[in-house]
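Here are my notes on the model, set out as numbered points for reading alongside the sequence and the coordinates. They begin with one stretch of chain and then widen to the whole assembly.

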Amino acid sequence: MKRNVPAGVSALVWLVLVAGPLYFMVAVSLRGRADYLTNNPLKPPTDPTLDNYRTVLTGGFGGYLFNNVVVTFATVAIVVLLGVPAAYAIVRSTSKLVQRGFTLLLAGLAIPAQATIIPVYLLITRLNLYDSLTAIILPTAAFALPVATLVLTNSLRDVPKELYEAQTIDGASAFGVLRHLVLPLAKPAIVTVVVYTALNAWNGFLFPLVLTQSESTRVLTLGLWNFQGQFGTNVPALLAAVTLSVLPIFVVYLIGRRYLLSGLTAGFGK
Amino acid sequence: MRQRPSFWYAAPAFAFFALFAALPMVLVVFLSFTSWDGLGTPQPNGVDNWARLADDGQAYDAVGRTAILMVVSWLVQTPIALLIGVWAAGRQRSRAVLSSIFFLPLLLSTAAIALLWKVMLDPNFGVTQALGGPLGDIQFLGDPSIALYTVAFVITWQYVPFHTLLYQGAARAIPRNLYEAATIDGAGRVRQFVHITLPQLRYTIITSSILMIVGSLTTFDTVLILTDGGGPGTASRIAPLHMYITGFSGFEMGYASTMAVLLVVVGTGLSLLVMRVTGYRSMNSQQEGA
């Protein structure tokens, strides 16, 4: 291919638009508060300090981080534990009920979670789960299930029938096939599902917003929002908190960019 | 010993999904015919909510803003995502490196993105001030006639990487021999883009557009944080945000459910319309035949 000038130019413009704010975020988080208010915020900090990070970490951030980790792990665990056997059954079972259930699940791809926050709130309060981490985990996992199951099902459909049949002839039970054939073969798809679900859970805002209220159940995203009120004009501290919240995902991105990107478009890419 | 998995392998997943995702979808329709303050028991009130919605000026205004946001963000996002996506599909090393930076906004939560832009657009200490010139005089979030467009800009920043990713994947799947044949026929790049790339990406353009349409009708978290709940005044209070505020600040959960139902119906309707107008179905069968 020859040089593509218009696309190249837009790519460069977009680079500035994307990298600029991220540079600003990190640069300001390393400045003193007075420094930020008096000097041009775009210049690199002359006197970088980690004070803001100290302020944030001693200001309840650790608790929010812990809650986020719990929510993310539990959500991923539910989705994988329910999704993998379901995908296996959808591909291999002869039961009509399974296919009907799959259709229902696929219809779920079209349900925007935002439109259901009121009934989900009703359900969670009726189950006496309001203001608990469980309240966040359950709907987050439920809304991740359709995409997760679809990705897993697609990957298992690609497995040649003969492989399943060979196992069956060897006398393997359904569960044996799941353990010794499905799990190893579905590994890449499972990684995609884990990444997709974890990212959704880690960055989730809506369900925590309407289903929790106390400090003890606060997750990172709500914590950031709260910091804004708490720190007022202390912008460097706020941006230190934002940077800290992105850091874990950034590390994952560095290690497994391919999996992360495939997880992001899971269910939509072809 | 059973050799094929039974229904029970899938039952837990179905039950879980049915309880926490499918049931709420049914419940929201039920709630739209009730009056409920969020505490007591929902009281059926017939079609009162629907009648009220029919002449609720505030709701109409919110829908108007949503339409503006939807059209503006579609018009801005689609060409950018399409161009960059096709560009990023190239296998050159420089493109790979640059694209890995392009996708960075995908890693940030909505809260992080909205707060970051809020700080950057601060009229006193923000970036626009630091850049100076005419930019410094604009109240991006404080001017009621500009705020909605600022929201569209931030939403573009937030979601273009996702759509770029869709286009990148789809552009990579276009058979190379199509381009080789066109080059032999003497077709230039623009002609190749118009006659090969665009038609080959039709499926993706439709998918991406539908996601944007449904997204602008239901997503409100970015606006909620960026403009402190749709401000200044109600200048950026789009319909889904109006729904949230009505339900969770005004404690009119029944009425808010009515709006939620309407937004889902409109979103689904528009998606089906887009599919019909663009001949999405016949295109699928063409792909199978290819």
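1. I begin with residues 7-33 of chain B, where the chain is 78% helix and 0% strand and where the end C-alpha atoms lie 36 Å apart. This is a predicted model, and the values that follow should be read as computed from it. The same span is one of those that UniProt, in an unreviewed entry, lists as "transmembrane region", the full set for chain B being residues 7-33, 67-89, 96-117, 146-167, 201-220 and 253-275. Another of the listed spans, residues 201-220 of chain B, is 85% helix and 0% strand, with its end C-alpha atoms 29 Å apart.

2. The unreviewed UniProt entry also gives "domain: ABC transmembrane type-1" for residues 63-274 of chain B. Over residues 63-274 the chain of the model is 73% helix and 0% strand, and the end C-alpha atoms of this stretch are 19 Å apart.

3. Taken as a whole, chain B has 14 helices and 2 strands, and its C-alpha atoms fill a box of roughly 75 × 70 × 40 Å along the principal axes. Chain B has 290 residues, of which 42% count as buried. Among the contacts in chain B with a separation of 6 or more, 67% join residues that are 24 or more positions apart.

4. Chain A, for its part, has 13 helices and 0 strands, and its C-alpha trace spans about 75 × 60 × 30 Å along the principal axes. Of the 270 residues of chain A, 49% count as buried. Residues 24 or more positions apart supply 78% of the contacts in chain A with a separation of 6 or more.

5. How many residues of chain B are in contact with chain A? There are 74 of them, and they meet 82 residues of chain A. On the chain B side, helix H1 (residues 11-31) gives the most, with 13 residues. By class, the residues of chain B that touch chain A divide into 57 nonpolar, 13 polar and 4 charged.

6. The largest nonpolar core has 171 residues, and those with the most contacts inside it are A:Leu145, A:Leu238, A:Val242, B:Leu115 and B:Ala260. Helix H6 (residues 133-157) of chain A gives the largest share of this core, namely 16 residues. Domain 1 (1-49) and domain 2 (60-264) of chain A both contribute residues, and the core therefore lies between them.

7. A:Val242 can be used to look at the core in detail, since leaving aside residues up to four places away in sequence, A:Val242 touches A:Met25, A:Leu224, B:Ala112, B:Leu115 and B:Leu116. The chain B partners in that list, B:Ala112, B:Leu115 and B:Leu116, are among the buried residues of H5(B), as are B:Trp117 and B:Lys118. Helix H5 (residues 110-120) of chain B is mostly covered, with 11 of its 11 residues buried.

8. The domain assignment of chain A gives domain 1 (1-49) and domain 2 (60-264), and the C-alpha centres of domain 1 and domain 2 of chain A lie 32 Å apart. The contact between them takes 7 residues from domain 1 and 7 residues from domain 2. On the domain 1 side, the elements that give two or more residues are helix H1 (5-29) and helix H2 (33-38) of chain A, with H1(A) providing the largest share, 4 residues. That side of domain 1 comprises 4 nonpolar, 1 polar and 2 charged residues.

9. A last point concerns B:Leu224, which is found in helix H11 (residues 221-226) of chain B. Is B:Leu224 buried or exposed? B:Leu224 counts as buried because 25 other C-beta atoms lie within 10 Å, where 20 or more is the cut-off for a buried residue. Not counting residues up to four places away in sequence, B:Leu224 touches B:Gly229 and B:Leu241. B:Leu224 and B:His242 are 18 residues apart in sequence, and their C-alpha atoms are 10.0 Å apart in space.

Terms used
Residues are numbered from 1 along each chain as its sequence is written. Chains are lettered from A and ligands numbered from 1 in the order in which they are written. This is a predicted model: local features need pLDDT of at least 70, side-chain atom pairs count only at pLDDT 80 or more; totals for chains, interfaces and linings use all residues. A residue is buried if 20 or more other C-beta atoms lie within 10 Å of its own, exposed if 12 or fewer, and partly exposed in between; C-beta atoms are placed from the backbone. Two residues are in contact if their C-beta atoms, placed from the backbone, lie within 7 Å. A nonpolar core is a set of buried Ala, Val, Leu, Ile, Met, Phe, Trp, Tyr and Cys residues joined through C-beta atoms within 7 Å. Domain bounds come from an automatic or database domain assignment. UniProt positions are given in the numbering used here, feature names are shortened, and annotations may be inferred rather than shown by experiment. Ala, Val, Leu, Ile, Met, Phe, Trp, Tyr, Cys and Pro count as nonpolar, Asp, Glu, Lys and Arg as charged, and the others, Gly among them, as polar.
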